Amino acid sequence: MTERRAILSGSPFEEQIGYARAVVDGDRVHMSGTTGFDYTTMAISDDVVEQAEQCLRNIEAALTEAGCTFADVVRVRYLLPERADFEPCWPVLRRRFGDVRPAATMLVCGLADPRMKIEIEVDARRPA
């Protein structure tokens, strides 16, 4: 039987809505959409680039707990309410994914909270 376990970040949204930051299922890690909230303070910046940086810090914490790094990410999805906000985030995203080159998709859509300017979702494969 393969290992399946939930990784929680401490975000109150996980309890209120009923989900996990990530789920480890064997050698796969499925990360929920992750926003720019600092989950220790529940503060969020008004700046999309700062939100992107916080998203990546939140993702990195869950990847670490799953036994992965950004090098293990195979798929990334970017969700933004405003298309124009994506390009300013590219340098931040390139620092984490530029050498990894995961499959990627960007979608323009509404997010759960109007303060959210970007949400990032990743899938990773744990090293053998």
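I take buried to mean under 20% relative accessible area. I apply this term to a model that is predicted.

**Entry: cysteines**

I began with cysteine 68, whose relative accessibility is 4%, so I enter cysteine 68 as buried. I then searched the whole structure for disulfides and recorded zero. Cysteine 68 takes part in no disulfide, and the cysteine sulfur nearest to it, that of cysteine 55, lies 19 Å away. A disulfide requires two cysteine sulfur atoms within 2.5 Å, so the 19 Å found for cysteine 68 does not qualify.

I looked up cysteine 55 next. Cysteine 55 is also recorded as being in no disulfide. The nearest cysteine sulfur belongs to cysteine 89, at a distance of 8.3 Å. Is cysteine 55 buried or exposed? I find a relative accessible area of 0%, so cysteine 55 is buried.

**Entry: glutamate 14**

I located glutamate 14 in helix H1. Its relative accessible area is 6%, and therefore I note this glutamate as buried. Which residues does glutamate 14 touch, if those up to four places away in sequence are not counted? I list Leu8, Ser9, Tyr19, Ala20 and Arg21.

**Entry: the largest pocket**

I turned to empty space in the model. Such space is revealed by rolling a probe the size of a water molecule over the atoms. For the largest pocket I noted about 240 Å³ of space. Two elements give two or more residues each to its lining, namely strand S5 (73-80) and helix H3 (86-97). Which element supplies the largest share of this lining? I find that H3 does, with five residues.

I wrote down the lining residues of the largest pocket, among them Val76, Tyr78, Phe86, Trp90 and Leu93. The lining also includes Arg94, Phe97, Gly98, Arg101, Pro102 and Ala104. I sorted the lining of the largest pocket by residue class and obtained eight nonpolar, one polar and two charged residues.

**Entry: the second largest pocket**

I recorded a volume of about 190 Å³ for the second largest pocket. At least two residues of its lining come from each of helix H1 (12-18) and strand S4 (34-35). The lining includes Phe13, Ile17, Tyr19, Arg21, Gly33 and Thr34. I also noted Thr35, Tyr39, Ala112, Asp113, Met116 and Glu119 among the residues lining the second largest pocket. How many residues of each class does this lining hold? I count six nonpolar, three polar and three charged.

I add one cross-reference: Tyr19 and Arg21, which line the second largest pocket, are among the residues that glutamate 14 touches.

Conventions
Residues are numbered from 1 along each chain as its sequence is written. This is a predicted model: local features need pLDDT of at least 70, side-chain atom pairs count only at pLDDT 80 or more; totals for chains, interfaces and linings use all residues. Side-chain values use heavy atoms; hydrogens and water are left out. On a 1 Å grid over the protein atoms alone, a cavity is a set of points where a 1.4 Å probe fits but cannot get out, and a pocket is an open set with protein on both sides within 12 Å along at least five of seven lines; lining residues have an atom within 4 Å of a point. Grid points are joined across faces, edges and corners, and a volume is the space filled by probe spheres set on the points. Helices (H or I, at least four residues) and strands (E, at least two) are DSSP runs, numbered from the N terminus. Ala, Val, Leu, Ile, Met, Phe, Trp, Tyr, Cys and Pro count as nonpolar, Asp, Glu, Lys and Arg as charged, and the others, Gly among them, as polar. Buried means under 20% relative accessible area, exposed over 50%, partly exposed in between (1.4 Å probe, protein chains only). Contact means heavy atoms within 4.5 Å.
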